[in-house]
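Thanks for coming. I will take one protein today, starting from a single residue and working outwards.

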Amino acid sequence: MSDTQRPGTIGWHDLTVENADQIRDFYAAVAQWKPEPVDMGGYSDFSMVASDGSPTAGVCFKRGTNADIPSQWLMYIIVEDIDASIAACTKLGGSVLVGPKSMGSARYCVIRDPAGAVCGLYQA
């Protein structure tokens with residue numbers, strides 16, 4: 001995920017599953033994405049890269065900091081102030097499922113909206 005993306009845009013998509021190596025191979029064959037390992041300290045998640053070399057999505061193991069993330073394609077929306085976004089989410093009937101957590105100097109969380117849909121929020 002880029003730290004230069006504008007607030008309000010979709011910054012990334014991740015799929016977090018128990019069998020990330022099998023699912024990595026599935027999307028490599030189905031979508032022609034090339035997997036690139038991302039060191040997670042003892043194991044690797046995968047950045048999936050399109051044929052033009054641009055990073056497209058992540059396929060992650062459901063362990064470590066990702067252990068409690070739902071197993072589904074999850075889009076991450078770039079926000080300016082994650083704490084303000086969380087406050088608005090809960091005030092308007094949503095809930096926070098995961099986090100907020102730190103990832104380097106960035107922060108992210110996973111929320112559920114009042115209709116039950118789930119997405120991530122990411123602050124660079």
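**One asparagine, then the rest**

N66 counts as buried, because its relative accessibility is 9% and the cut-off for buried is under 20%. Please keep in mind that this is a predicted model.

Where does N66 lie? It is in the loop between strand 4, residues 55-61, and strand 5, residues 73-78. Which residues is N66 in contact with, leaving aside its neighbours within four places in sequence? They are T16, D45, C60, F61 and Y108. T16 belongs to strand 1, residues 10-17, and D45 to strand 3, residues 44-49. C60 and F61 are in strand 4, which covers 55-61.

Now the chain order. The protein has two helices and eight strands. From the N terminus on, the elements run β-α-β-β-β-β-α-β-β-β. That puts helix 1 directly after the opening strand.

Helix 1 covers residues 20-30. Which of its residues are buried? They are A20, I23, R24 and Y27. Note the arginine, R24, in that list. Seen down the axis of helix 1, the buried residues fall within an arc of 110°, so they line one face of the helix. The face turned away from that buried side carries Q22 and A29, and those two are exposed.

What do the buried residues of helix 1 pack against? The partners are strand 1, strand 2 (residues 34-39), strand 3, strand 4 and strand 5. Strands 4 and 5 are also the two that flank the loop holding N66. Just after helix 1 comes Q32, which takes a positive phi of about 60°.

Last, the protein as a whole. With 124 residues, a compact globule would have a radius of gyration near 14 Å; this protein has 15 Å, which agrees. Along the principal axes, the C-alpha trace spans about 40 × 30 × 30 Å. Of the 124 residues, 37% count as buried, and N66 is one of the buried residues.

Contacts between residues at least 6 apart in sequence are worth a number too: 50% of them join residues at least 24 apart. The accessible surface comes to about 6700 Å², and carbon and sulfur atoms account for 54% of that.

On charge, there are 9 positive and 14 negative charges. How far apart are their mean positions? The answer is 4 Å.

That is the tour, and I will stop there.

Methods:
Residues numbered from 1 in each chain as written. Predicted model: local features only at pLDDT ≥ 70, side-chain atom pairs only at ≥ 80, totals over all residues. Heavy atoms only, no water. Helix = DSSP H or I, 4+ residues; strand = E, 2+ residues; numbered from the N terminus. Rg over C-alpha atoms; globule rule 2.2 N^0.38 Å. Buried < 20%, exposed > 50% of the residue type's maximum accessible area, 1.4 Å probe, protein only. Contact = heavy atoms within 4.5 Å. Areas by Shrake-Rupley, 256 points an atom, 1.4 Å probe, with all protein chains shown as cover. Lys, Arg positive; Asp, Glu negative; His and termini not counted. Charge placed at Lys NZ, Arg CZ, Asp CG, Glu CD. Arc of directions from axis to C-beta.
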